[in-house]
Amino acid sequence: MAIEIQPESAQAPGGGEPGTPRTARPWWLRPGWHTALIGAVVGYVLGHLLGNFIGSGYQQVAHSNDNDMAIVLGYLFLILGWLIGLGVFNDLVRQMLGHPIPHGDIEPETGLARYFRYTLDHKVVGIQYLFGMITYFLTGGLFAMAIRTELLSPSYHVLSPSAYLMVVGEHGTMMMMMMTSVITGPLGNYFVPLMIGSKRTAFPRIEALSFWLTPCAYVILLSSVLFGGFPTGWTGYAPLSVQAGEGMDGYAIAFGLMGISMILAGFNLICTIICYRAPGMRWGRLPMFVWAMLTVSFLFVLAAPVLVGGMYMIITDRTVQTAFFVNQLGGSSYLYQDLFWFFGHPEVYILALPGFGIVSEVIPVFCRKPLFGYKVAAAGMFGVALLSFFVWQHHLFDSGIDPDMRPLFMLTTEMISIPTGFIYLVALGTFWKAKIRLTVPMLFAIGFYINFLFGGISGVVLSDVPADVTSHGSFFVMAHFHFTIMGGLIFAFFGGVYYWLPKMMGIKLNERLGKWNFWIMFIAFNSTFMPLFAVGELGQPRRVFEYASNLQTINDWVSISAFVLGFGILLFLINFVMSTVVWREPATGNPWRSRGLEWQVSSPPPADNFENIPVVLSGPYEYGDPNALPVADLNPPAGVISGALAGAGSEG
Amino acid sequence: MAEESASPSGPPAERNDGLRLAILWVVASAICCPLVYIVWGPHLPPGAMSSSASGQQFDLTVLATIATPVVLGVLIYFAYALTFWRAKAGDETDAPPIHGHTRIQLIWIVATSTIVLALAVFGTYELIAPAGAGGGEGPQPIWKPNTSNILQVQVIAQQWAFTYRYPQYGGMETTQLVLPLNQAVQFNVTSLDVIHDFWAYQLGVKADANPGVNNVAYTTPQHTGSFVVRCDELCGLWHGAMYDYGQVMSVSGFQAWAQQTETAMAKITAALPPYALTYDPTVVPVLGKVLVQLGLTGAGGGFYNPNDPEQP
């Protein structure tokens, strides 16, 4: 077991001798997002020129006058230029040239500038992710407002059909690809080391890289607007995606890039959780949030490669005329659907599991009770993660796959509700005769359980093949996954931010505004998406700008609720900005009186998380047990660590 | 893990929470389940216009009825917990340390597994008995209607319209979908360009239209009237406008319509490619960029560029 016992700087991982100290350079000469931006622009221009040079001879380019090769190479060089400008490869090049790697900066950076640079501290990466994810989420949310504005009328009136499709595609893709990391990125990276008693994550460079790829993916995805967007929605079904205009390239590159970011983030977290637990942090004492991060990370590394492969094939189909997905030329449009959903269904659980983790973490604190059925909760997460790889063909029930497959995939899909039920058993058991404190995180957790209940129940309807014939591809599906993702993941994320922001910034979000935020969001959310179940069953397909005129009243109701929901999310933003910038109400060490290991250090945590590696003495949920030991000894007497380490190898 | 007893250890002889919850739940379910099944069920979509539609309606009714106690159980539990198990103001103490309860966990796991497996069996039966329940079964359907008198209708999807071919009526092609009452219909759904989806809403039929693939779905109309056909798979610019209306007529009305249309269309039918289960889009006009370069343009010489905002 690789447990760091030296009080090593969290910012200076990697091998090599301590280098000679560098002289201080002004900030604008050091790599940061401004140099990265320059690199990206230069990279795009170079790539585009190269693509024009290669692709101009193509018959197709001459015919249609659009050169996907130039766009794709432009994007790829943009990514490369961005990373070079950011200084990602600096240490690598130094090492290759035989120079020593400077250990950390001249003085550990504490200023604001470190948040705009390739910083290796997991706490900085967490904060970067937090601001990034909120930006991506709000961008996607604005597109949703545009969709609901268009759907106020049963024919098209605000957006042209092509603009509507563009907005639908941008909304769907922004939410589904960026939000995969909405919890794992900020809260996972920040809290996993703190929760397992480690000073750092296993691969800080990979972790920082996983974040810095996301702004790239975000910009590339948005840039497809300049090419007229893409007409396929977030699923990108071939052959439509092969036929589509140049905006499609942005979709494929951005989604593939986000897939790579997921793989990197996943490996880092898996290795951290397995190898960097403090002595005494047995598997049976691991906080539920860490279990969720572990299962999600396995889904990341096992599912995302399939996505990257699928996107790669789309790109080659579009540029160099391979025909993976063109039926007439020996390919198969089913191949794309299979590849996409083989990633896409585990992805749905990539979105659900972190939510399970957060609510399971929050409810014992505010019920003042141990988590009911700890092993059941962990088993539920593993069961969901495992089964998620065996259900993807339920997206293809009506597509003309081998009909024999359908009872099988109906069974596997319905089986997922068994481990999901475990999560509910744990919640109900934890609430039993509890002493409930209705704080904002707790409200969001309860909101999660109620929203996800409807998401789960409607999922059973969709898994039933005959019922799915009506519901498939309609607004019913759309309402279903908004209940699980928006009502589940995003509610859990907000709950997590309210719960952990005092730890991350030492600042408490305003409680009163937080309650307004929750109630407006919760009511508006249900008022938006509950009627959409009916809209779908009444025959409105997804992604249409025209619908039956008798559905206008209900669609208008939904749109107005959606605007209120948007206002509720705006309240979160207002609360976040006002609390962190203007009010700055300081949070004392452990405002929730939580037993979690992350709450035992000061807020915000010191640079190295723990002065000494702590020795974990008991589980994190032993509330109400008078005999329970404190969760950890933060300053174990000398000799205890080495003694624990000697036993750690056999303990596993 | 400590397997302590979860049996009520709260304030003695005050209230039996378990019993009260159980009574609330049973009473609420006993009221709501029959309401859902008897009152709401017959109004559930997609109606009863065809065999597959009424099958789906029955399915939705059963699922809604089973879901009712589950939803009620969780909601009642949370409502009860938030009413009775709130911390009193100023009470900073912890609640009883209950780590788990083996019997309850076992009962829960067995109960949910039983429900889920029963649902899977029910779904499979409801899929097989009504000949695939109106869903697309692919080129080799294994569940077929129990009759030899089947009307063949080919649905040809393209950007952004459906056309229908009746091989038993001289292979005529029309933009109108007309079906006879009480006769089994076999839809052969295919596409000329990208993936579409043929969704005859009131008939409870949904089948993807894939280029180069014949996707078969069955139904038997049970009532006359008109129904909506929509494209249900995003297929490009005018996806939202890709819909038309079909008609279920009496058998004699259908025969009259078919013969009249066959005669009227005779000239056009002769110019069409011979009836086949799929059409090679390099022969029949089509498709995307890869084929545009061959100089081929779309249906009827009217290929729409994906960015072209022209009315179809």
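# Two sheets, a helix pair and some unusual bonds

Student: Before the details, how much of chain B is buried?

Tutor: Of the 312 residues in chain B, 40% are buried; a residue is buried if 20 or more other C-beta atoms, placed from the backbone, lie within 10 Å of its own, exposed if 12 or fewer, and partly exposed in between. Please note that this is a predicted model, in which local features need pLDDT of at least 70 and side-chain atom pairs count only at pLDDT 80 or more, while totals for chains, interfaces and linings use all residues. Residues are numbered from 1 along each chain as its sequence is written, and chains are lettered from A and ligands numbered from 1 in the order in which they are written.

Student: How many helices and strands does chain B have?

Tutor: Chain B has five helices and 10 strands. Helices (H or I, at least four residues) and strands (E, at least two) are DSSP runs, numbered from the N terminus.

Student: What is the strand order in the sheet that holds strand 9 of chain B?

Tutor: The order is 4-10-9-6-7 in chain B, an open sheet of five strands with mixed pairing. Two strands pair if DSSP finds at least two bridges between them.

Student: Which strands stand at the edges?

Tutor: Strand 4 (177-180) and strand 7 (205-209) of chain B do; each has a single partner strand, so one side of each is left without a neighbour in the sheet.

Student: And how many bridges join strand 9 and strand 10 of chain B?

Tutor: Strand 9 (residues 225-231) and strand 10 (residues 243-249) of chain B pair over six bridges in the antiparallel sense. Within strand 10 of chain B, Tyr243(B) is the bridge partner of Arg230(B).

Student: What about the sheet with strand 5 of chain B?

Tutor: That open sheet has five strands in the order 3-2-1-5-8 of chain B, again with mixed pairing. Its edge strands are strand 3 (172-174) and strand 8 (215-219) of chain B, each pairing on one side only. Strand 5 (residues 184-191) and strand 8 of chain B run antiparallel and are joined by five bridges. The bridge partner of Phe187(B) in strand 8 of chain B is Ala217(B).

Student: Changing topic: at what angle do helix 18 and helix 19 of chain A cross?

Tutor: The axes of helix 18 (residues 475-505) and helix 19 (residues 511-537) of chain A cross at roughly 170 degrees and come within 8 Å. Axes are lines fitted to C-alpha atoms, for helices over the stretch in contact, and angles run from 0 to 180 degrees between N-to-C directions. Helix 18 and helix 19 of chain A are therefore roughly antiparallel to each other (angles over 145 degrees count as such, under 35 as roughly parallel, 65 to 115 as roughly perpendicular and the rest as oblique).

Student: Where are the cis peptide bonds that involve Pro604(A) and Pro46(B)?

Tutor: One joins Ser603(A) and Pro604(A), with omega about -10 degrees, and Pro604(A) lies in the loop between helix 20 (552-583) and strand 1 (615-616) of chain A. Another joins Pro45(B) and Pro46(B), with omega about 0 degrees.

Student: Is Asn609(A) buried or exposed?

Tutor: Asn609(A) counts as buried, with 21 C-beta neighbours inside 10 Å. Its phi is near 65 degrees, a positive value in a residue other than glycine.
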